[in-house]
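Subject: Structure handover, pockets and ligand

Hi,

Here is the structure for you to load. My notes on its empty spaces and its ligand follow.

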Amino acid sequence: MNELFASLCVRKLDVPVLNPPQQLPLFLSSSFSFDRIEEGVDIFTGKQEGYVYSRYGNPTIEAVTRRLEAMEGFGLDMDIQGYLTSSGMSAIHLILVSLLGQGDKVLTQANLYGGTTELLTRVMSGLGVETVFSNLNDLEQIESQLKSDPAIRVIYLETPTNPTLSCLDLKAITDLAHQYQIKTVVDNTFCTPYLQRPFAYGADFVIHSTTKYLNGHGTGIAGLVLGKDKSFMKDRFWTVLKLTGATCNPFDAWLVANGIRTLPLRMDRHSANASLLASSLADHSGVDQVNYPGLASHPSHSLASRQMSGFGGMLSFSVSGGQATAFRVMNQLKLASMAPTLGDVDTLVLHPATSSHLRIPKAIREEQGITDGLIRVSVGLEDAKDLITDFHAALDCALVEK
Ligand SMILES: *Cc1c(COP(=O)(O)O)cnc(C)c1O
C-alpha cells in the first residue's frame, strides 16, 4: 500500500492545457520527457525540434528571447539570434570568450561600466586576451590603432557612457571596424531597443544587462546577447553558453517578459522626467554642471539626437563644494533611494567617486568628469514636479548647512 502511495507522489503530473493561458507560463522544469526513445534520439541529434534540458533551452526563456530579438531587430531586415544569460556580466563574458582567444586584443573606451573594465583587466587578461583602452570619439586614433595592431579583433563599446552620458558614433565606429574585419559589440543597457538599436548602425553583437530597464522593476538579475550572424550564435555562442552553464533561469526570464510589456511607457516617462529634472538642476546656483544628452549644452547632444529616439532616464550632476556637499544632498533627498543599480521605477541616486568608480585613480576619474561632487541619478516614474521640488529642497538645504 505504502509503496503504491510513494509511486503516486513521485509520478510526474500531467497538465491538461485545454486552451492557452493568457499569460506566459513559468516552466520550472530542469528536463523534458519523451514519449518514445526514438523521439528522444531525434531531438538530441537535432533531427526534430524539442526541449531536452533547461540549460539547453526552456519554453519560458525562449518565448522571452524571441520577443527581445524582435525588439532589437525592429524595423531592420535582419535575422537576429539571441540568448538570455544569468547576468549582464555573464553576457559580456560569454560573447568575449566566444569571439576571442589567446593573443587577441579588444579595443575599448576607458569609461566603461566598472564590472566590464574589471572583467577585461582581471579575467580576460588571464586567458591571454589583452585590452587596449582608447578614446573612441577619436576616429583617427582608432584607425591608427587598428592599422598598427592586427591582434585587435573586437571593438567593445557603450553609448551613452556611465555616468557622464557622453555618446559614441556607432555608425562611424562600426564602419571603421568593418574595414579592418573587426567585430563590434555594443552594450545597449542604458537605452534599451526602444531608444537605440545598434544593429541599425552596423553593430555585430548587442548585449544587455536586463537587470536594468528591460526588467524595469529591480526584481531580478539577467543578461542578453544578440547577434546577426545566426550560425555563429547557434553554433559557437550556444556551445559556450551551454557548456559554461551561464544560462538564465526561467523565473528571471519571466520577470523580463513582464517588464518589457510596459517598456515604451516607462522609457517615455523616464526620458520626460529626466529631461525636466536636468533643466531644472541646470538652473540651480549650487549645481556646477548637468550631464544629460537631452540638454543642448551637452557635448553629445547632436549625436544623441541622431542616434537615439529619446534621451533616456539617466543623468548626472556635480555640485559646488565637492564630496561633502554631494553627500549632504543625497542624505536630504526624500523621494530618491540610494542604491547601486539603475532603471527601476523609482528614482535612485549614486555617488560614482565612492562606489562604481572607487577603484579608478582620482586623476583618471576626474579627467572623465567623475568629480567628487558628481551625483548620478536614475530618474524614476514619479511626478516630475515632486522630483524637482525634492532635488531643489535637498540642494538648498545642503548649501545652507555649508
Ligand atoms: C549593470 C550593468 C552591467 C552588468 O549587468 P549585471 O546584470 O549586473 O551583471 C553591464 N553593463 C551596464 C551598462 C550595466 O549598467
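First, the term pocket: on a 1 Å grid over the protein atoms alone, it is an open set of points with protein on both sides within 12 Å along at least five of seven lines, while a cavity is a set of points where a 1.4 Å probe fits but cannot get out, and lining residues have an atom within 4 Å of a point. This is a predicted model, in which local features need pLDDT of at least 70 and side-chain atom pairs pLDDT 80 or more, while totals for chains, interfaces and linings use all residues. Numbering runs from 1 along each chain as its sequence is written, and side-chain values use heavy atoms, with hydrogens and water left out.

Second largest pocket

Its lining counts 26 residues, and Tyr113, Ser209, Lys212, Pro340 and Leu342 lie nearest the centre. The volume is about 430 Å³ (the space filled by probe spheres set on grid points, joined across faces, edges and corners). Helix 4 gives the most to this lining, three residues. Helix 5 (114–123) and strand 6 (205–209) each supply at least two. Helices (H or I, at least four residues) and strands (E, at least two) are DSSP runs, numbered from the N terminus.

Ligand

The ligand sits in this second largest pocket (more than half of its atoms lie within 2 Å of the grid points). There are 14 residues around the ligand (a heavy atom within 4 Å), and Met89, Asp187, Ser209, Thr211 and Lys212 come nearest. Helix 4 (residues 88–99) leads again here, with three residues of the shell. By class, the shell has seven nonpolar, five polar and two charged residues.

Three side chains place a polar atom by a ligand oxygen: Ser209 at 2.8 Å, Thr211 at 2.7 Å and Lys212 at 2.7 Å. Alone, the ligand exposes 390 Å² (Shrake-Rupley, 1.4 Å probe), and the protein buries 93% of that.

Largest pocket

Its volume is about 850 Å³. Of its 28 lining residues, Gly50, Tyr56, Gly57, Glu62 and Trp238 are closest to the centre. Helix 3 brings the largest share, five residues. The lining has 10 nonpolar, 11 polar and seven charged residues.

Cavity

The whole structure yields one cavity of 30 Å³ or more. The largest cavity holds about 30 Å³ of space. Among the residues lining it are Pro160, Phe190, Leu195 and Met314. None of its lining is charged; eight residues are nonpolar and two polar.

Best wishes

Notes. Polar contact = N/O pair within 3.5 Å; in protein donor to acceptor, adjacent residues only side chain to side chain. Nonpolar A, V, L, I, M, F, W, Y, C, P; charged D, E, K, R; others polar.
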